[in-house]
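Visitor: Could you walk me through this structure, step by step?

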Amino acid sequence: MADIADPVPHTAVGRLAHPDKSPRVANKAPHPGPAETSSFDTVSDYFDAAADRLGVAEDLRAVIRTAYREVQVQVPVRLRDAGIHVFSGYRVQHNRARGPFKGGIRYHERVNLDEVRALAALMTLKTALLDVPFGGAKGGVNCPARDLDQGELERITRSFTDKIAGILGPARDIPAPDAGTNAQVMAWMMDEYAKLHGDTPAVVTGKPISLGGSPGREAATGRGVVYVYREAARALGLRPDSTRVAIQGFGNVGSWTARIMTQLGCKLVGLSNTSGAIHSEEGIDLDALARHLAEDGKLVEYPAAEPIADEELMALDCEVFIPAALGGAIHAGNADSVRARIVIEGANNPTTPAADEILAHKRVLIVPDILANAGGVVVSYFEWVQNLQHVGWDEHEVNNKLGARMRSAYRGVEERARRQEVTPRLAAYQLAIERVLEAMRLRGQGGFA
């Protein structure tokens, strides 16, 4: 059985405001499913449930719940149709009690201020839970990244970076890739920042390795998902060779998760991307699928699997379901169809509070997003440290350090959940909130005397 610390080949493919309306863009994607609450309301509901158990006063909750700074900028760019399109760019800096702001940049037509607020708050909790010395931030541009060429993406990135460069910095705010962005986008951001402030590799993470990026960063979020799977499987007495997995989303997180899970001996029985979903009871061969996709084939046209409706994916008979697409995927309308024993949240905010209650009633073990998908920010921290100290670690060392962090965090959540007889999500939020509050108290922030 493969050790998931070993490198794998790089062939894997008070409530705040309501969401802002996005400018009209071509091929706007629909929401993946109905959600009972907005992104920020979902985070607030989970936050309040944990804060209630901790006895956090309402005025102090307001300090933690609201963002330190919110920036919205205009991003005009000329696209291939020769027209100037005006997109909106956002950077929300949520909390800096535990260190510099840290969080990804996403490019997607659904990006809005409400979503970015929610994801920034999640980053504050995620970095606290994994005990890395960062605060939380998030950013994005509401552009249709899948429909843009490299030149258009570069112009958007440079325009956006130029507008927010004054609030960035290696000791202030450090962006990273997220949905719709990658190492190349981070290279453009770093270069644009350098025009104003000099060459500063530590200003972004998730960069190409040749520009100061860290080995293992590309696979880190997916690898972290697999580390927590191993811990959850141990708790349920589940072995990889008896684990059937379905993964919603085949981007960076989903593809690396799928690759490493199958290397462990798990069977991938279901998979989806923007073209649709497929199912194979015998298991999906990822090498054969990669060849099919490399020949411009669609996922749903893969001949060795059966195409199924998107809503059938999470209803597959399997041990592990991994939502690794966008938020709100599991909601009150479909949660009861989940047949998996474990749900590992590879995406941010994939489960609404109503769905969370349904799954808890069904005794489904949920590994929450602020734990499950934290591998990316952990290795971003390692990259930042390497840049600041002008040192380099090999991929094996990075993966081992990541595994140690993920196991420690999982076991801390597991112990808290067992001791207090609460769900892992509630335990994770409690631990994170306590750490943020302690840092604020020590610094004298947020009204602490």
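Here are a few questions about one helix and one sheet.

Guide: Welcome! This is a predicted model, where local features need pLDDT of at least 70, side-chain atom pairs count only at pLDDT 80 or more, and totals for chains, interfaces and linings use all residues. Residues are numbered from 1 along each chain as its sequence is written, and side-chain values use heavy atoms, with hydrogens and water left out.

Visitor: Which residues of helix 10 are exposed on the other side from the buried ones?

Guide: Helices are DSSP runs of H or I with at least four residues, strands are runs of E with at least two, and both are numbered from the N terminus. Buried means under 20% relative accessible area, exposed over 50%, and partly exposed in between, with a 1.4 Å probe and protein chains only. In helix 10 (residues 353–361), the buried residues are Pro353, Ala355, Asp356 and Leu359; they share one side because they cover an arc of only 155° around the axis, taken from the directions from the helix axis to the C-beta atoms. On the other side, the exposed residues are Glu357 and His361.

Visitor: Which strands stand at the edges of the open sheet of seven strands?

Guide: Two strands pair if DSSP finds at least two bridges between them. The sheet has mixed pairing and the order 9-8-7-6-10-11-12. Each edge strand has a single partner strand, so one side of each is left without a neighbour in the sheet; they are strand 9 (306–308) and strand 12.

Visitor: Which residue in strand 7 stands opposite Arg244?

Guide: Strand 6 (residues 244–248) pairs with strand 7 (residues 267–273) in the parallel sense, over five bridges. Opposite Arg244 stands Lys267.
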